[in-house]
Amino acid sequence: MSEEYIKVISSGPLHGEVSVAGAKNAVLVSMAATLLADGESILTNVPISSDVRYMAILLQCLGAEVALDEERKLVTVDTRSVCCFTVNPDVMKKMRASVLVMGPLLARFSQAKLVFPGGCSIGARPINYHLKNFKKMGVEIHYVDEVLHAKTKKLQSCRIALEYPSVGATENILMAAVLTEGTTTIVNAALEPEVLDLIEALQCMGARIVICPAAIIQITGVTSLKPMNHSVIPDRLEAGSLLLAGAVTGGDVFVTNARAYDMDIFLMKLQEMGHKIEVGLNGNGVRIKATQLPEAVSFKTGPYPGFPTDLQSPMMVAQCLATGTCEIHETVFENRFLHVRELQKMGAQIKCISGSGLACSVGDCDKVQVTGVEALYGTNVIATDIRASCALVLAGMAAKGKTVMTGVDHWRRGYDQLDKKLIQLGLRISIQPVDYLIPSARNAEHFI
Ligand code: UD1
């Protein structure tokens, strides 16, 4: 695919109704979980993003038959022909979620071969919690020429305490445990809505899983599972981003299928900024009526139900244009401030601060101080990860003039036509091949 850029032109307040796609982080793990049964699984409400295509290729390389129906947002995975247990290294390097097939492969076929996963550059992102606990479950792991060979005679149930409630590790262990004799207990498990969606999908397949107080998941192994027929939950991160599109443009946006109860702290912070939030019956549907005089609010990311790290960069954009100064503390990933430099290019006033309170560089800090400015200005920016691409589009819609963003592959990895939804709300945004970018514009700093 040729390189592309996104052009965003300031279009005033965004207004209207939109619905969000299925959750990217939920569908990828459910696709991996289809490997746990022999037969054809059907997933609906699937966001057709590049990551979903990568996961489809990954499953096909294992021998599964996969069909994506883009119109109906549906994926079928037939696992009857799975015959290979080596994960395609190219896909593995593109997408961290590839590691999520390890648990299902070990559970069904007692083996898996893979290289270390790639994905967004937001930190070191090791998989030590996954590997350490697979070993505890009786998996032998060897490295040969950077390829990880995992094998087990028989998985063993055990009690696993996670030192950090890692989403991926919880999901991988869960999927390994559903076909493991006895009861496996995960203490300090991640309980993100996407993990709960996976549990629901596994339960529909016949898995025996209970969630106990204080973040404990108990899985009692069964001998086999049936294929799933599962509808993926709406994407809370896309919903949050659309609400922020209303906030940063001073508009009025109703996300008809947003699940408010998946985003309590985020919505509370929007209200603290002065925005009016209306929630539909039983938490279904969220509307923002933006204040024209937003106030800056500090926040700190954390595991669910804390403020989601994936909304940190989009929420930072809203702080760049609010009155006052706030602090943003990123506690989940150690290198998730790469968008700061790009926002600074647009005129944002952001200072990186170290633990001692002294100024430091973007790569060394986990905290930034944002002081609101009257306006941001469109310029050339580069997206370095999925959520940064969304943040920069949000900055572009709030900025004066035109913003040109490269790194569009990140946007395509995470979202199913989010640009079309923004057009529906009144934004002038387009995706074009880089060849159309005239040379002078490629080098120009500002486009006002
Ligand atoms: C998932 C999401 C990602 C989200 C993140 C946190 C998917 C496909 N991705 O990523 O969008 O930002 O949850 O909500 O669902 N860690 C280790 N060792 C491990 C595993 C994790 O040190 O073995 C660390 C990570 O480097 C990170 C923290 O734990 O600092 C949280 O990572 P984790 O919850 O595992 O995130 P992912 O599952 O990778």
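Colleague: Which residues are closest among the 18 that surround the ligand?
Modeller: This is a predicted model, in which local features need pLDDT of at least 70 and side-chain atom pairs count only at pLDDT 80 or more, while totals for chains, interfaces and linings use all residues. Residues are numbered from 1 along each chain as its sequence is written, and side-chain values use heavy atoms, with hydrogens and water left out. A residue counts as near the ligand if one of its heavy atoms lies within 4 Å of it, and of the 18 residues that surround the ligand the closest are R96, N128, S166, D310 and V332.

Colleague: How far is a polar backbone atom of V332 from an oxygen atom of the ligand?
Modeller: A polar contact here is a pair of N or O atoms within 3.5 Å. A backbone N or O atom of P126 lies 3.3 Å from a ligand oxygen, and a polar side-chain atom of S166 lies 2.6 Å from a ligand oxygen. For the polar backbone atom of V332, the distance to an oxygen atom of the ligand is 2.5 Å.

Colleague: What share of the ligand's exposed area does the protein bury?
Modeller: Accessible areas come from the Shrake-Rupley method with a 1.4 Å probe. Taken alone, the ligand exposes 740 Å², and the part of this that the protein buries is 88%.

Colleague: Which helix gives the most residues to the shell around the ligand?
Modeller: Helices are DSSP runs of H or I with at least four residues, numbered from the N terminus. Both α5 (128–136) and α6 (167–177) supply at least two residues of the shell, but the element that gives the most, with 3 residues, is α5.

Colleague: What is the volume of the largest pocket?
Modeller: On a 1 Å grid over the protein atoms alone, a cavity is a set of points where a 1.4 Å probe fits but cannot get out, whereas a pocket is an open set with protein on both sides within 12 Å along at least five of seven lines, and lining residues have an atom within 4 Å of a point. A molecule sits in such a space if more than half of its atoms lie within 2 Å of its grid points, and the space taken by the ligand is the largest pocket. A volume is the space filled by probe spheres set on the points, which are joined across faces, edges and corners. For the largest pocket, this space is about 1000 Å³.

Colleague: Which helix supplies the largest share of the lining of the largest cavity?
Modeller: The count comes to 1 cavity of 30 Å³ or more, and about 50 Å³ of space lies in the largest cavity. Its lining includes S241, W411 and L422. The largest share of that lining, 4 residues, comes from α12.

Definitions and conventions. A polar contact is a pair of N or O atoms within 3.5 Å; within protein, one must be able to donate a hydrogen and the other to accept it, and residues adjacent in sequence count only if both atoms are side-chain atoms.
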